[in-house]
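Visitor: I would like a close look at one part of this protein. Please keep it brisk, and show me the structure before we start.

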Amino acid sequence: MVSGFRKLTVYKKAFDLAMEIFEITKAFPAQEKYELTDQIRRSSRAVCRAIGEGYRKRQYPKHFSSKMSDSDIENTETQVSLDFALKCEYISKVEYNSLIEKSEEVGRLLNHMIENPEKYLPRS
């Protein structure tokens, strides 16, 4: 049974996005392995990590909001990497639009969590 942070819609969407990015970056050129490929994989996965970390500390609303903010920062970093991937022609405009749309949805969900930490407090 899935529980905790794994049941959060934002986590599921962020995880799916990170996995999609992983699959797409397999086709990136070898010379990008230690630059763009590693960076976009790292930042997209960091979104999920920060969600998990923040959820564990949700009884502290300021800490929770801070970790969700960290997650949002990583999400923005992922978007910047997608900008480079498009400009370098490693992904198509269609792939880019789809990934950016998914990333923006994750961002909206994270911002809701940042602005409403009380909705995520543990139940007594």
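Visitor: Which residues does Met113 touch, not counting residues up to four places away in sequence?

Guide: Keep in mind that this is a predicted model. Met113 touches Leu8, Val10, Phe64, Ser65, Met68 and Tyr120, with residues up to four places away in sequence left out.

Now place those contacts in the core. Met113 belongs to the largest nonpolar core, which has 15 residues. Met113 is also among the residues with the most contacts inside this core; the others named are Leu8, Val10, Ile51 and Leu110. Two of these, Leu8 and Val10, are touched by Met113.

Next, see where the core residues come from. Four helices contribute: α1 (9-25), α2 (33-56), α3 (61-87) and α4 (93-115). Each of them supplies at least two residues. The most come from α2, which gives four. A second core lies apart from this one. It has 12 residues, including Leu17, Leu36, Leu82 and Tyr96.

Step back to the whole fold. The protein chain has four helices and zero strands. From the N terminus, the order of elements is α-α-α-α. The radius of gyration is 15 Å, close to the 14 Å from the globule rule for 124 residues, so the chain is as compact as a globular protein of that length. Along its principal axes, the C-alpha trace spans about 50 × 25 × 25 Å.

Contacts over long stretches of sequence matter for the picture too. Take the contacts in the chain with a separation of 6 or more: 68% of them join residues 24 or more positions apart. As for burial, 42% of the 124 residues count as buried.

Then the surface. The chain exposes about 7600 Å². Carbon and sulfur atoms supply 51% of that area. Charge is worth a look as well. There are 21 positive and 19 negative charges, and their mean positions are 9 Å apart.

One charged residue makes a useful stop. Asp70 lies in helix α3, a helix that also supplies at least two residues of the largest core. Asp70 has 31% relative accessibility; partly exposed covers the range between 20% and 50%, so Asp70 counts as partly exposed. Arg49 is 21 residues from Asp70 along the chain. The C-alpha atoms of the two are separated by 9.8 Å.

To return to the starting point: follow Met113 to Phe64, Ser65 and Met68, then to Tyr120, and finish at Leu8 and Val10.

Key. Residues are numbered from 1 along each chain as its sequence is written. This is a predicted model: local features need pLDDT of at least 70, side-chain atom pairs count only at pLDDT 80 or more; totals for chains, interfaces and linings use all residues. Side-chain values use heavy atoms; hydrogens and water are left out. The radius of gyration is taken over C-alpha atoms; the globule rule is 2.2 Å times the number of residues to the power 0.38. Buried means under 20% relative accessible area, exposed over 50%, partly exposed in between (1.4 Å probe, protein chains only). Contact means heavy atoms within 4.5 Å. Accessible areas come from the Shrake-Rupley method with a 1.4 Å probe; for residues, only the protein chains shown count as cover. Lys and Arg count as positive and Asp and Glu as negative; His and the chain ends are not counted. The place of a charge is taken as NZ of Lys, CZ of Arg, CG of Asp or CD of Glu. A nonpolar core is a set of buried Ala, Val, Leu, Ile, Met, Phe, Trp, Tyr and Cys residues joined through side-chain atoms within 4.5 Å.
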